[in-house]
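Let's explore a protein together, one question at a time. Have the picture open and try each question before you read on.

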Amino acid sequence: MRTLISSLAFVWLVLTFPAALVAQEPAGTGIQNVLTPGDSVRITVWRKPEFSGDYVVAPDGSITHPLFRSVKVAGLPFAKAEANLRTFLSQFEDNPQFVMEPLIRLAVSGEVTKPTVFAARPETTLGEAIARAGGPDKDAANNRVRLIRQTPSGQQQQFIVDLTDTKGSAGATPLRSGDQIVLDHKRNFFKDFVLPALGVIGSIASIGLLIDRYSRP
């Protein structure tokens, strides 16, 4: 019996230890001040509906609209991107009246009502993004929400956010363009740990019996 308990404890540590290596919550404001390819911009030009709409930022940094192909917005501070748009619109009228709103791309998947990919304002928080996907379903592990973020060097970082922590501000965690939010399935101790451990122990026991059988004279 003692051997069984020790084996179960060992398997539990093996299965859970990698999770301990994941950072707990992203630090800093998280609000980015530049657009990247794949983001969007919402442009509203006063009395010019043909210039207004939501447009994706192209790989070359321009706006994917025939009229705006010469306007560079990616990799620039929002103020500079807005100035570029103003310069372009000034070709058609003096002192153009417009609003340019940046939109970042986010993805929410896993145990949510409506997994989705969408464009949102840069100040969107983790809680707001999950609500946009219909909120967690009954099987969601709200204490271990994974926030997957790509670094400027192209590597992925993974953070664990506990939405059940009423003393913290996990739900107010700001997001960045390209963030992926994954709500995993609730863990069941018997299903996720005991059964796998029993399988491992059974396999070890079977190997031991085979070795014992073939080692007999």
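Q: How many helices and strands are there in the protein?
A: This is a predicted model, and its elements can be read along the sequence in the order α-β-β-α-β-β-α-β-β-β-α. Counting the two kinds of element gives four helices and seven strands.

Q: What is the mean pLDDT of the protein?
A: pLDDT is the predictor's confidence in each residue, from 0 to 100. It stays under 50 over residues 1-21, while 71% of the residues in the protein reach 70 or more. The mean pLDDT of the protein is 79.

Q: Which strand is joined to strand 3 by six bridges?
A: Strand 3 covers residues 98-110, and several strands pair with it. Strand 4 runs antiparallel to strand 3 and is joined to it by five bridges, while strand 7 runs parallel to strand 3, with four bridges. The six bridges come from an antiparallel partner, made of residues 40-45: strand 1.

Q: How many residues lie between strand 3 and strand 4 in their hairpin?
A: These two strands are antiparallel, and one of their bridges links Ala107 with Val117 in strand 4. Together they form a hairpin, and the number of residues between them is five.

Q: Which residue of strand 7 is the bridge partner of Arg146?
A: Strand 5 and strand 7 run antiparallel and are joined by five bridges. Strand 7 also pairs with strand 3, where Ser109 has Val182 as its bridge partner. Arg146 has its bridge partner in strand 7 too, and that residue is Val182.

Q: Is Glu101 buried or exposed?
A: Glu101 lies in strand 3 and is the bridge partner of Arg42. Its relative accessible area is 17%, and the cut-off for this class is under 20%. Because 17% falls under that cut-off, Glu101 is buried.

Q: With which side chain does the side chain of Glu101 make a polar contact?
A: Leaving out residues up to four places away in sequence, Glu101 touches Ser40, Val41, Arg42 and Arg121. A polar contact of 2.6 Å joins the side chain of Glu101 to the side chain of Arg121.

Q: How far apart in space are Pro122 and Glu101, C-alpha to C-alpha?
A: Pro122 is found in the loop between strand 4 and helix 3, and with a relative accessible area of 6% it is buried. Pro122 and Glu101 are 21 residues apart in sequence. In space, their C-alpha atoms are separated by 9.4 Å.

Q: How many residues does the largest nonpolar core have?
A: In soluble globular proteins, nonpolar side chains tend to be buried together. Here, the residues with the most contacts inside the largest core are Leu106, Val108, Ala129, Leu175, Ile181 and Leu183. Its number of residues is 19.

Q: Which residue stands opposite Val108 in strand 7?
A: Strand 3 and strand 7 run parallel. The residue we want is in contact with Val108, and also with others including Leu126, Ala129, Val145 and Leu175. Opposite Val108 in strand 7 stands Ile181.

Q: What percentage of the residues of the protein count as buried?
A: The protein has 217 residues and exposes about 13200 Å², with carbon and sulfur atoms supplying 58% of that area. Of its residues, the share that count as buried is 33%.

Methods. Residues are numbered from 1 along each chain as its sequence is written. This is a predicted model: local features need pLDDT of at least 70, side-chain atom pairs count only at pLDDT 80 or more; totals for chains, interfaces and linings use all residues. Side-chain values use heavy atoms; hydrogens and water are left out. Buried means under 20% relative accessible area, exposed over 50%, partly exposed in between (1.4 Å probe, protein chains only). A polar contact is a pair of N or O atoms within 3.5 Å; within protein, one must be able to donate a hydrogen and the other to accept it, and residues adjacent in sequence count only if both atoms are side-chain atoms. Contact means heavy atoms within 4.5 Å. A nonpolar core is a set of buried Ala, Val, Leu, Ile, Met, Phe, Trp, Tyr and Cys residues joined through side-chain atoms within 4.5 Å. Accessible areas come from the Shrake-Rupley method with a 1.4 Å probe; for residues, only the protein chains shown count as cover. Two strands pair if DSSP finds at least two bridges between them.
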